Amino acid sequence: MREELFAQDENDSSKVSITQKALDKGIDLITRSTRDTVLVEKSEEKFLPFEGMIIRTINIETVGFDFSIYGNQKPIVQKVGRIANKLHTNTREKTIRQHLFIKPNQPLNPYKLGDNERFLRDQRFILESRIIVSPVADTDSVDLTVVTRDVFSIGASAGGSFPTAPLLKLYDANLDGRGQGLEFDILYDHDRKPRTGFGLAYSKSSLMGSLADLVIYYTQLNSGVSLGEENEFSTGIKIDRPLVSPYAKIAGGAGWSQNWSQNVDSKPDSAFLDYRYNIADVWAGYNFGSEKATRNRRREFVALRLFDGDFIDKPNQEEVIDERRYNDNKGVLGEFTFYQQDFFKTQYVYGFGRTEDVPSGYNLSSTLGYMKTMSISRPYTSIKLNYKGASKNGSFYELTMNMSTYFRHSIWEDAVIQTGGSYYTQAFSIGKFKMRNSASAYYTQLFNRVTNDWLTIDGNIIPGLRVEELDATQRISLGFESSLYTPWSLIGFRIAPFASYYWAKLKCPSCENQYQNFTGISLGMRIRNENLIFGTMEIKGTFIPNDDEGKSKFAVSFRKNLRFRKSDVYVTKPDLINYN
């Protein structure tokens, strides 16, 4: 008996030693203390030597705020980290396991491990994740150690207009370390009736380990689903399970919301748009080929979506009653997709040293459906092609081509062609600085417009500019940007100044001047603290030589929570082409 106990203690000691070594390795990979080069690595690369070995155990380890991704920090930052550790509850082991789709007693799939590592990293409350593989001596088995580093999930922000209409947000994206989010917003506006408005939202990531995200909300602040021009109250619920890996079989989701305009600004009845509408949306998809050989990443995905935007009450004003946004919009869409996608890890896209996952591969989908919009019922079809490429030096690009149309009486209606792409150079090291440049170009054309909106220019094309009064059928846009990531830090906040140039042209066949050009030149900076829940903040000043009225102007804009696109979604639900 004593020999058995001794052997058991020896085995436990060995497991502890393996786990500790894996934890040390995970911390080393998470921090940038010993490496100043920009990470460029395929997601599966580190796991390939262990392909096919049996997963014996999966251990979970979380590290606190005393471990920084930048290595050794100034004493004041270390002190802030210790305070954060006391206020913050690290993500619980059960919560991490709810986000795993790798299991013990299964052969190790390097690509699936890369998918799961990335899926963890995409959660709002997790800054970094690494999966460390430890071979078990004299066996064909391995132990896995999942190492995660949280962000400080408690946050607050102030907005609105000071001092007359301040807006305060309080939130925790990882309540008690359980992957639950709770947000409370309150607005006080002296000119509003009632003067106080609020919003409340609850979310749960990977509900009961299903990999499906739940959101329930109520708002009086026009921050839910909003289609109209007035301030809208809204309540809704949504659950969504993305296709997190090509080895997953199903994806889908459902949502419902009720929305109504509220005359909080005390407008006269003749000016206030009084309306109410409900939106119901449900979709489901099946992934063919999920059991294919490990290195075969080509898949086919079929999905069906039903949605119903039902206007219960419409505004009475004649000038808006025929607008698309104030009319029923319902339909059914079916989509078939061919795709193959891989990822590589890099940094310095929107983050300041954290790992960002860049996709590489293709997605070709064909959509068929039947739509009813503004009492017009017609078939709908579209073809969408998206190709993403990445090189070993860290540069990457994306090309898209989308075409869609409706059919009625054997005639094409509301046809759209949209094509373009973007290119990001590698992140160059200039001493302790990093620089990355990017360029984008897009072309959009409308044909035989019936119910579609005219083409517009908004802040996503040229910051500070809004052109929506033209009956434009063609749009060309270009953008260039150069960003410099500095090593400067103030209590963990890092900055990246940037310069941008934008150009866009609209064609309006019914206008006296058919072709109208607009430009914008911007200078600004992005600020981020990788320890905090909110993403990159951006403040930008843009000079516009000629706006829609032919006048020059200078616009200041502020955006927050900027991040590279979520990378856990291989395919999305069937949708209409969003050309504006």
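A residue is called buried when its relative accessible area is under 20%, exposed when that value is over 50%, and partly exposed in between, with a 1.4 Å probe and protein chains only. The model is predicted, so local features need pLDDT of at least 70 and side-chain atom pairs count only at pLDDT 80 or more, while totals for chains, interfaces and linings use all residues. Residues are numbered from 1 along each chain as its sequence is written, and side-chain values use heavy atoms, with hydrogens and water left out.

**Aromatic pairs**

A pair of aromatic rings is described by the distance of the centres and the angle of the planes. Rings of Phe, Tyr and Trp (its six-membered ring) pair if their centres lie within 6.5 Å, and planes under 30 degrees apart count as stacked, over 60 as edge-to-face and the rest as tilted. The structure holds 21 such aromatic pairs, among them the two in the table.

| Ring pair | Centre distance | Plane angle | Class |
|---|---|---|---|
| Tyr348 and Tyr485 | 5.3 Å | 65° | edge-to-face |
| Phe396 and Tyr424 | 4.7 Å | 10° | stacked |

The pair of Tyr348 and Tyr485 links distant parts of the chain, 137 residues apart, with Tyr348 in the loop between strand 14 (329–346) and strand 15 (356–373) and Tyr485 in strand 23 (residues 474–485); both residues are buried. Strands here are DSSP runs (E, at least two residues), numbered from the N terminus. Phe396 in strand 17 (residues 396–408) and Tyr424 in strand 18 (residues 411–424) are 28 residues apart, and both of these residues are buried as well. Elsewhere, ring pairs link Tyr275, Tyr277, Phe311 and Tyr326 into a cluster.

**Charges over rings**

A charge sits over a ring if NZ of Lys or CZ of Arg is within 6 Å of the ring centre and within 35 degrees of the ring normal. The charged end of Arg118 meets this rule over the ring of Phe343, 3.6 Å from its centre, and that of Arg449 does so over the ring of Trp454, 4.3 Å from its centre.

**The disulfide**

With a disulfide taken as a pair of cysteine sulfur atoms within 2.5 Å, the count comes to one. Cys508 is joined to Cys511 with an S to S distance of 2.0 Å, and the link is right-handed, with 70° about the S-S bond. Cys508 is buried, because its relative accessible area is 1%.

**Asn561**

Asn561 lies in strand 28 (residues 553–562) and counts as partly exposed, because its relative accessibility is 41%. Leaving aside residues up to four places away in sequence, Asn561 touches Phe534, Gly535 and Thr536, where contact means heavy atoms within 4.5 Å. Asn561 and Met537 are 24 residues apart in sequence, and their C-alpha atoms are 6.1 Å apart in space.

Methods. Helix = DSSP H or I, 4+ residues; strand = E, 2+ residues; numbered from the N terminus.
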